[in-house]
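Here are a few short exercises to work through with the model open beside you. Try each task before you read its solution.

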Amino acid sequence: MSTLKIFVGTMYGGALDVAEQVKPLFEEAGYAVSIYEQPTLDDLLEPPTDLALFCVSTTGSGDYPGNFVPLAREIDERHPALTELRYGLIALGDSSYGETFCGAGRSLDSLLEGHGAQRLGERLEIDAMETFMADDAAIPWVEAWIEELGLRAG
Ligand SMILES: Cc1cc2nc3c(=O)[nH]c(=O)nc-3n(C[C@H](O)[C@H](O)[C@H](O)COP(=O)(O)O)c2cc1C
């Protein structure tokens, strides 16, 4: 069975809620899904996964949520080759923060691409100023992501 790992970075639970709401969509598409609430680099690397999805909010001034700092720091320090990694990215933020809008999601995208990982499709940025429930934006995006990129597993 194909596997999908979902890595969550959250302060208040919104990004975790997104992960939990989209999980059944991937299960219906044929994936065995695991959600990582305290993700580490080892979780990312072993066992290898067919697909990864990052659901990451932003705190501070464009910073990673505390639970996500270890994974980002390990990638930065250990420089793993991520050339086999195909991923999607859902960033949660609030445009009232101006320039740091979705800063953590954007930094993560650069970090992953800088280590050879391949993002599939565009990054989804969910603005709390416009979308009260992040799921309302995430669920249709995931449905389209699976269909348009032909990610339905056999
Ligand atoms: C202290 C604090 C700092 C924040 N800083 C930013 C920021 O720099 N950029 C941004 O886009 N959103 C920022 N946000 C907004 C959150 O990212 C947004 O509310 C998000 O939906 C929270 O998701 P979560 O429940 O998964 O933590 C901040 C929120 C708080 C409370």
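**Exercise 1. Polar contacts of the ligand**

How far from an oxygen atom of the ligand does a backbone N or O atom of Ala15 lie? Then look for partners at Thr58 and Thr100.

Solution. Keep in mind that this is a predicted model. Start at Ala15: one of its backbone N or O atoms is 2.8 Å from a ligand oxygen. Move on to Thr58, where a polar backbone atom lies 2.6 Å from an oxygen atom of the ligand. Finish at Thr100, which brings a polar side-chain atom to 2.7 Å from a ligand oxygen. These distances fall within the 3.5 Å limit, so they count as polar contacts. As for cover, the ligand taken alone exposes 640 Å², and the protein buries 80% of that.

**Exercise 2. The shell around the ligand**

Describe the site and the residues that form the shell.

Solution. First, place the site: the ligand takes up the space of the largest pocket. Next, ask which elements give two or more residues to the shell; they are helix H1 (14-28) and strand E4 (86-93). Then sort the shell residues by type: seven are nonpolar, eleven polar and one charged. Finally, of the 19 residues around the ligand, the nearest are Thr10, Gly14, Thr58, Thr100 and Cys102.

**Exercise 3. An aromatic pair**

Classify the pair formed by Phe7 and Phe54.

Solution. A search of the whole structure gives eight aromatic pairs. For Phe7 and Phe54, the ring centres are 5.2 Å apart and the planes make an angle of 25 degrees, so this pair is stacked. Now locate the partners: Phe7 belongs to strand E1 (residues 2-9) and Phe54 to strand E3 (residues 51-57), so the pair ties together parts that are 47 residues apart in sequence.

**Exercise 4. Backbone exceptions**

Which residues does a cis peptide bond join, and what is the phi of His79?

Solution. Recall that most peptide bonds are trans and most residues other than glycine have a negative phi. The cis bond joins Glu46 and Pro47, with omega about -10 degrees. Pro47 is found in the loop between helix H2 (41-45) and E3. His79 has a positive phi, near 45 degrees, and sits in the loop between helix H3 (69-78) and E4.

Methods:
Residues numbered from 1 in each chain as written. Predicted model: local features only at pLDDT ≥ 70, side-chain atom pairs only at ≥ 80, totals over all residues. Heavy atoms only, no water. Near = heavy atom within 4 Å. Polar contact = N/O pair within 3.5 Å; in protein donor to acceptor, adjacent residues only side chain to side chain. Areas by Shrake-Rupley, 256 points an atom, 1.4 Å probe, with all protein chains shown as cover. 1 Å grid on protein atoms, 1.4 Å probe; cavity = no way out; pocket = protein on both sides within 12 Å on 5 of 7 lines; lining within 4 Å. Sits in = over half its atoms within 2 Å of the grid points. Helix = DSSP H or I, 4+ residues; strand = E, 2+ residues; numbered from the N terminus. Nonpolar A, V, L, I, M, F, W, Y, C, P; charged D, E, K, R; others polar. Phe/Tyr/Trp six-rings, centres within 6.5 Å; stacked < 30°, edge-to-face > 60°.
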